[in-house]
Amino acid sequence: MAARLGISRAAVWKQIRSLRKRGYEIESSTKKGYRLAGNHDILDADLIRSGLKTQWLGKDLRCFSVVTSTNEVARTIALECRNDGINRAVNGTARIVKGTANNGPADAPANNGTVILAEVQTQGRGRLSRSWASPPGGVWMSLILRPQISLDRAYRINMAISVAICKALADLYGLAAGVKWPNDLLIEEKKICGILMEVSAEVDRLEYVVVGIGINANVDVSGYPAEWRSTSLHQELGREVSRVGLIQKILLEIENSYQHMDSKEIWEEWRNRSVTLGRQVRISSVSGDIVGEAADLAEDGALIIQSRDQVGLHRVLAGDCIHLRALEAA
Ligand code: BTN
């Protein structure tokens with residue numbers, strides 16, 4: 001290996017040691033040399049970047065072994081986008097539990113497009129203050145975005161991202177994922193992906209957005225509680241998928257649809273992919289519960305409900321949505 005690469009044996013050993021640190025299993029044999037063994041599906045920033053076809057998204061991509069929550073790490077980086085930002089994020093505030101970032105370039109000034117990935121999250125967060133199970137094998141990823149839009153357009157990011165992930169799953173695996181309002185992705189009523197968007201804004205100006213994406217990729221969901229109604233790519237396809245390829249494809253699709261997030265097409269695609277429209281639903285929000293038919297999805301992301309009490313149409317912008325079964329609804 002040393003001869004072929006024109007480097008010393010010591011230099012080869014140094015590289016092997018660094019790969020092992022990143023999680024690669026490499027066997028060594030005195031006479032034969034080194035052999036890649038075991039699980040190759042590890043999140044390696046260099047590997048992901050090497051096949052990434054985006055223009056700007058994920059050019060700064062950081063992979064960690066264990067963090068509390070990638071959203072928390074992303075938020076810390078977004079807040080500290082000064083020179084010492086990543087050092088503080090790694091050492092303290094964002095509470096990375098184990099491992100260092102196998103990073104790429106130094107901080108871009110504003111972190112627009114920075115991507116954070118982790119093998120495991122110890123305090124993965126879901127919507128509505130729920131926790132999010134984040135064992136090894138999943139794609140637990142957060143994006144830092146700094147869109148030049150007003151706060152009341154932020155829902156467009158959500159639409160663009162849901163559409164992008166559905167496209168990626170269809171193109172890569174032929175899976176038809178649908179959008180359960182507001183932003184769960186389901187395959188035949190089972191959740192494959194959740195999206196958690198956290199926004200920091202001043203009056204009417206978005207400062208930054210952290211979009212957390214959780215995909216049950218090679219996760220064994222058989223032990224999850226039945227009421228979670230979860231599935232995974234592994235369960236749907238009966239095989240493991242390459243998370244590296246999945247992440248590269250998702251980032252490319254997100255970059256494309258994010259650039260057109262204000263277009264009518266994105267709203268139409270989001271609406272067309274809805275598995276909530278036409279269903280009997282129960283929406284729980286701060287202003288109480290509404291039960292009725294999901295009659296439409298407006299361009300501003302609102303769910304329009306024809307309530308059972310016939311009082312008319314309700315517009316809901318946020319809340320917990322439950323799809324009711326026909327019997328239950330009656
Ligand atoms: C939901 O459906 O409730 C949203 C789940 C979002 C989970 C992802 S995993 C990566 C990112 N980090 C988190 O702590 N949460 C999001």
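# Exercises on helix packing, ligand contacts and backbone geometry

In helix H6, Ile157, Ala160, Ile161, Ala164, Ile165, Lys167, Ala168, Leu169, Asp171, Leu172 and Tyr173 meet Gly245, Leu246, Lys249, Ile250, Glu253, Ile254, Ser257 and Tyr258 of helix H8. The model is predicted.

**Exercise 1.** Describe the composition and geometry of the contact of H6 with H8.

*Solution.*
Step 1. Sort the residues of this contact by class: 13 are nonpolar, two polar and four charged.
Step 2. Take the axes of H6 and of H8 (residues 243–259): they are 8 Å apart, and the helices pack at an angle of about 135°.
Step 3. Angles over 145 degrees count as roughly antiparallel and those from 65 to 115 as roughly perpendicular. The angle of about 135° therefore makes H6 oblique to H8.
Step 4. Assign the hand: the crossing of H6 and H8 is right-handed.

**Exercise 2.** Carry out the analysis for H6 and H9.

*Solution.*
Step 1. H6 spans residues 155–173 and H9 residues 264–272; their axes lie 9 Å apart, at an angle of about 60°.
Step 2. That angle makes H6 oblique to H9, because the roughly perpendicular class begins at 65 degrees and the roughly parallel class holds angles under 35.
Step 3. The crossing of H6 and H9 is left-handed.
Step 4. From H6, the residues in contact are Arg156, Met159, Ala160, Ser162, Val163 and Lys167; from H9, they are Ile266, Trp267, Glu269 and Trp270.
Step 5. By class, these residues comprise six nonpolar, one polar and three charged.
Step 6. Compare the two lists for H6: Ala160 and Lys167 meet residues of H8, and they also meet residues of H9.

**Exercise 3.** Identify the closest residues around the ligand and give the distances for Arg125, Arg127 and Lys191.

*Solution.*
Step 1. The ligand is surrounded by 20 residues, the closest being Ser69, Gln121, Arg125, Arg127 and Lys191.
Step 2. Look at the backbone: a polar backbone atom of Arg125 is 2.7 Å from a ligand oxygen atom, and a backbone N or O atom of Arg127 is 2.6 Å from a ligand oxygen atom.
Step 3. Turn to the side chain of Lys191, where an N or O atom lies 2.6 Å from an oxygen atom of the ligand.

**Exercise 4.** Place the cis peptide bond at Pro182 and the positive phi of Leu128 in their loops.

*Solution.*
Step 1. Trp181 and Pro182 are joined by a cis peptide bond, with omega about 0°.
Step 2. Pro182 sits in the loop between strands S7 (178–180) and S8 (184–187).
Step 3. Leu128 is not a glycine, yet its phi is positive, about 55°.
Step 4. The loop that holds Leu128 runs between strands S5 (115–121) and S6 (139–145).

Methods. Residues numbered from 1 in each chain as written. Predicted model: local features only at pLDDT ≥ 70, side-chain atom pairs only at ≥ 80, totals over all residues. Heavy atoms only, no water. Axes fitted to C-alpha atoms, helices over the stretch in contact; angles between N-to-C directions. Helix = DSSP H or I, 4+ residues; strand = E, 2+ residues; numbered from the N terminus. Left-handed = near helix turned anticlockwise from the far one by under 90°. Contact = heavy atoms within 4.5 Å. Nonpolar A, V, L, I, M, F, W, Y, C, P; charged D, E, K, R; others polar. Near = heavy atom within 4 Å. Polar contact = N/O pair within 3.5 Å; in protein donor to acceptor, adjacent residues only side chain to side chain.
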